[in-house]
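Let's talk through the cysteine pairs in this protein and ask how each label is earned.

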Amino acid sequence: MQRQALFLSPLFALTVASGASATGMEVKPGLWEFTAASTLPGSNTTAATNSECFTESSIDPAVFLENAPDCNIDNLKTSTSTMSWQMQCDGPHGQMTGDAEFHSSGETAHGKMAMNLDFGGNAMSFTTNWQGRWVGPCE
């Protein structure tokens, strides 16, 4: 089951690295470092750190589903400094639902996602916390 928890870290990294529009949450263009730490009840925390280059000054909420065709986002709310949403993924092995929020101050960012999973009657929950910081210009 730990593989499903790690699913959301790459999804998030791909989301924030995609092309952006002026309607999303503002971030400083350049190289960013993000750490996502997922915690499953009764197990250790699993963390992953990724570096991504932003070429635009905002994160477009529409890119959340580009790399997750079995997922839907509902109740999406955005401002220049905050995004929040609810997510549902229906895959061949089960369903994931959850709530997420992400905050940016331009050069730093943080957020949290709480997910509930049901894979063939095996239910579990996990939480992922994100931290991000602007590192400098893209190389």
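Q: What does "partly exposed" stand for, in terms of relative accessible area?
A: Buried means under 20%, exposed means over 50%, and partly exposed is what lies in between.

Q: So why is Cys138 called partly exposed?
A: In this predicted model, Cys138 has a relative accessible area of 32%. That value sits between 20% and 50%, so the label is partly exposed.

Q: And what makes Cys53 buried, exposed or partly exposed?
A: Cys53 comes out at 31%, which also falls between the two cut-offs, so Cys53 is partly exposed.

Q: How do you know that Cys53 and Cys138 form a disulfide?
A: Their sulfur atoms are 1.8 Å apart. The cut-off is within 2.5 Å, so the pair counts as a disulfide. In this pair, Cys53 belongs to strand E3 (residues 45-54), while Cys138 is in the segment after strand E9 (122-136). They're 85 residues apart, so the link ties distant parts of the chain.

Q: What makes Cys71 and Cys89 a disulfide?
A: Here the S to S distance is 2.0 Å, and that is within 2.5 Å, so this pair passes too. Cys71 is in strand E5 (residues 71-78) and Cys89 in strand E6 (residues 82-91), 18 residues apart.

Q: Are Cys71 and Cys89 buried or exposed?
A: Both Cys71 and Cys89 are buried, so each has under 20% relative accessible area.

Q: How many disulfides are there in the whole structure, and what pattern do they follow?
A: A search finds 2, and counting bonded cysteines along the chain gives the pattern 1-4, 2-3.

How values were computed
Residues are numbered from 1 along each chain as its sequence is written. This is a predicted model: local features need pLDDT of at least 70, side-chain atom pairs count only at pLDDT 80 or more; totals for chains, interfaces and linings use all residues. Side-chain values use heavy atoms; hydrogens and water are left out. Helices (H or I, at least four residues) and strands (E, at least two) are DSSP runs, numbered from the N terminus. Buried means under 20% relative accessible area, exposed over 50%, partly exposed in between (1.4 Å probe, protein chains only).
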